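Biologist: I should like to go through this protein with you, beginning with its sheet and ending with its interior. Could you take my questions in turn?

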Amino acid sequence: MFVGYMRVFSTDDRQSNDLQRDALIAAGVDERHLHADKASGARDDRPGLKACLLDLRTGDCLVVWKFDRLGRSLPNLLSIIADLKKKGVAFRSLTEQMDTTTRRMASFCLWRSGAI
């Protein structure tokens, strides 16, 4: 199953999740499994992300529109991806066309995390 996460920075109505939502749904994420936050990526207390991570089960795939929607920095992003891998959850970023379900990408993520 695909589980989607989207985030915008602004807590007011200046920004919208519409572009991200449309892309995630087009990628196969069911609307019932979309999670969202209106908060800075630097915040650790994002309720939408927490709910998203709780929604994920072994064999699922977390889908985001873009890397920076999930993590606040490369080390933070790689830490989240490593935690997902421990749970048996794949990761896919639509904009960067990264998908840890492919052998090549899984190797890249491992190499990259070792380089940091």
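Modeller: The answers below concern a predicted model.

Biologist: In what order do the 5 strands of the open sheet lie?

Modeller: The pairing in this open sheet is mixed. Strand E2 (34-38) and E5 are the edge strands, each pairing on one side only. The order of the strands is E2-E1-E3-E4-E5.

Biologist: Which strands does helix H1 touch where it packs on the sheet?

Modeller: Helix H1 covers residues 18-26. Its direction makes about 170 degrees with that of E1. The strands that H1 touches are E1, E2 and E3.

Biologist: How many bridges join E3 to E4?

Modeller: Cys-61 stands opposite Ala-90 in E4, and Val-64 has Ser-93 in E4 as its bridge partner. E3 and E4 run parallel, and the number of bridges that join them is 4.

Biologist: Which residue in the turn of the hairpin formed by E4 and E5 has a positive phi?

Modeller: E4 and E5 run antiparallel and are joined by 2 bridges; in one pairing, Ser-93 stands opposite Met-98 in E5. The hairpin has 4 residues between its strands. The residue in the turn with a positive phi, of about 50 degrees, is Gln-97.

Biologist: Are the rings of Phe-67 and Phe-91 stacked or edge-to-face?

Modeller: A search of the whole structure finds 1 aromatic pair. The ring centres of Phe-67 and Phe-91 are 5.9 Å apart, and their planes lie at 10 degrees. Planes under 30 degrees apart count as stacked, so the pair of Phe-67 and Phe-91 is stacked.

Biologist: How many residues apart in sequence are the parts that this aromatic pair ties together?

Modeller: Phe-67 lies in helix H3 (residues 67-70), whereas Phe-91 belongs to strand E4 (residues 90-93). Phe-67 is partly exposed, at a relative accessible area of 23%, while Phe-91 is buried, at 2%. Because the two rings sit in these two elements, the pair ties together parts whose separation in sequence, in residues, is 24.

Biologist: Which residue has a side-chain polar atom 2.8 Å from the backbone nitrogen of Phe-91?

Modeller: The contacts of Phe-91 include Leu-70, Leu-77, Ile-81 and Thr-100. Thr-100 is found in the loop between strand E5 (98-99) and helix H5 (103-115). Thr-100 has a relative accessible area of 19% and is therefore buried. The side chain that places a polar atom 2.8 Å from the backbone nitrogen of Phe-91 is that of Thr-100.

Biologist: Is Leu-84 buried or exposed?

Modeller: Leu-84 is placed in helix H4 (residues 74-86). Among the residues it touches are Leu-53, Leu-62, Val-89 and Phe-91. Buried means under 20% relative accessible area; Leu-84 has a relative accessibility of 3%, so it counts as buried.

Biologist: How far apart in space are Leu-84 and Leu-56, C-alpha to C-alpha?

Modeller: Leu-84 touches Leu-56. In sequence, these two residues are 28 residues apart. In space, their C-alpha to C-alpha distance is 8.7 Å.

Biologist: Which element supplies the largest share of the largest nonpolar core?

Modeller: This core has 14 residues, and those with the most contacts inside it include Tyr-5, Leu-56, Leu-84 and Phe-91. Strand E1 (2-8), helix H2 (47-55), strand E3 (61-64) and H4 each supply at least two residues of the core. Apart from it lies another core, of 9 residues, among them Met-6 and Leu-94. The largest share of the 14-residue core, 4 residues, comes from H4.

Notes:
Residues are numbered from 1 along each chain as its sequence is written. This is a predicted model: local features need pLDDT of at least 70, side-chain atom pairs count only at pLDDT 80 or more; totals for chains, interfaces and linings use all residues. Side-chain values use heavy atoms; hydrogens and water are left out. Buried means under 20% relative accessible area, exposed over 50%, partly exposed in between (1.4 Å probe, protein chains only). Contact means heavy atoms within 4.5 Å. Rings of Phe, Tyr and Trp (its six-membered ring) pair if their centres lie within 6.5 Å; planes under 30 degrees apart count as stacked, over 60 as edge-to-face and the rest as tilted. A polar contact is a pair of N or O atoms within 3.5 Å; within protein, one must be able to donate a hydrogen and the other to accept it, and residues adjacent in sequence count only if both atoms are side-chain atoms. A nonpolar core is a set of buried Ala, Val, Leu, Ile, Met, Phe, Trp, Tyr and Cys residues joined through side-chain atoms within 4.5 Å. Two strands pair if DSSP finds at least two bridges between them. Axes are lines fitted to C-alpha atoms, for helices over the stretch in contact, and angles run from 0 to 180 degrees between N-to-C directions. Lists of a residue's contacts leave out its neighbours within four places in sequence.
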